[in-house]
Amino acid sequence: MNYLEIVDFSDTCIVVRYEGGRSILTGSQLVISKMQDDEILIEGKICSIEV
């Protein structure tokens with residue numbers, strides 16, 4: 001998904017806004033390991049993704 005903004009970021013929750021809404025990723029040891037203009041790479045133990 002192409003993202004517009006990172007709304008919230010911690011090692012247990014990342015909220016990403018995109019054109020159609022937002023996604024909430026929850027887990028542990030979450031890190032943003034790569035950022036580009038229109039995409040990000042999130043690593044860690046992802047437990048859930050809510051769109």
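This report walks through the fold of one short protein chain, as seen in a predicted model.

## The chain as a whole

Let's start with the big picture. The chain has 4 strands and 0 helices. Read from the N terminus on, its elements follow the pattern β-β-β-β. The radius of gyration is 10 Å, close to the 10 Å that the globule rule gives for 51 residues, so the chain is as compact as a globular protein of that length.

If you drew a box along the principal axes to hold the C-alpha atoms, the box would be roughly 25 × 20 × 15 Å. The chain exposes about 3600 Å² of surface, and carbon and sulfur atoms supply 48% of that area. Of the 51 residues, 22% are buried. You can also ask how far along the sequence the contacts reach: among contacts between residues at least 6 apart, 23% join residues at least 24 apart.

## One open sheet

The 4 strands come together in an open sheet with the order β1-β2-β3-β4, and the pairing is antiparallel. Strands β1 (3-9) and β4 (40-50) stand at the edges. Each of these two has a single partner strand, so one side of each is left without a neighbour in the sheet. From one strand to the next, the twist averages 45 degrees.

## Two hairpins

Now follow the chain from strand to strand. β1 and β2 form a hairpin, with 3 residues between them. These two strands run antiparallel and are joined by 5 bridges. To find this pairing in the structure, look for Ile6, which stands opposite Val16 in β2.

A second hairpin joins β3 to β4, this time through 4 residues. Strand β3 covers residues 21-35, and its antiparallel pairing with β4 has 9 bridges. Two pairs of residues can guide your eye here. Ser28 stands opposite Lys45 in β4, and Leu25 has Ile49 in β4 as its bridge partner.

## The nonpolar core

Which residues make up the largest nonpolar core? There are 6 of them: Tyr3, Ile14, Val16, Leu25, Leu30 and Ile42. The elements that give two or more residues to this core are β2 (13-18) and β3.

Two core members are worth a visit. Ile42 is found in strand β4, and at 17% relative accessibility this residue counts as buried, since the cut-off for buried is under 20%. Not counting residues up to four places away in sequence, Ile42 touches Ile14, Leu25, Val31 and Ile32. Ile42 and Leu25 are 17 residues apart in sequence, and their C-alpha atoms are 9.3 Å apart in space. The other member to visit is Val16. Leaving aside neighbours within four places in sequence, Val16 is in contact with Tyr3, Glu5, Gly21, Arg22, Ser23 and Ile40.

## A residue with a positive phi

Most residues other than glycine have a negative phi. Against that background, Gln29 deserves a look: its phi is positive, about 55 degrees, although it is not a glycine. Gln29 is found in strand β3. Is this residue buried or exposed? Gln29 is exposed, with a relative accessible area of 54%, and the cut-off for exposed is over 50%.

## The loop between β3 and β4

The last stop is the loop between β3 and β4, where you will find Gln36. At 36% relative accessibility, Gln36 counts as partly exposed. Gln36 and Tyr3 are 33 residues apart along the chain, while their C-alpha atoms are separated by 9.7 Å.

Asp38 is also found in the loop between β3 and β4. At 36% relative accessibility, Asp38 counts as partly exposed. How far apart in space are Asp38 and Ser48, C-alpha to C-alpha? They are 22 Å apart, with 10 residues separating them in sequence. Try finding both pairs in the structure: Gln36 with Tyr3, at 9.7 Å, and Asp38 with Ser48, at 22 Å.

Note on methods
Residues are numbered from 1 along each chain as its sequence is written. This is a predicted model: local features need pLDDT of at least 70, side-chain atom pairs count only at pLDDT 80 or more; totals for chains, interfaces and linings use all residues. Side-chain values use heavy atoms; hydrogens and water are left out. Two strands pair if DSSP finds at least two bridges between them. Axes are lines fitted to C-alpha atoms, for helices over the stretch in contact, and angles run from 0 to 180 degrees between N-to-C directions. A nonpolar core is a set of buried Ala, Val, Leu, Ile, Met, Phe, Trp, Tyr and Cys residues joined through side-chain atoms within 4.5 Å. Buried means under 20% relative accessible area, exposed over 50%, partly exposed in between (1.4 Å probe, protein chains only). Contact means heavy atoms within 4.5 Å. The radius of gyration is taken over C-alpha atoms; the globule rule is 2.2 Å times the number of residues to the power 0.38. Accessible areas come from the Shrake-Rupley method with a 1.4 Å probe; for residues, only the protein chains shown count as cover.
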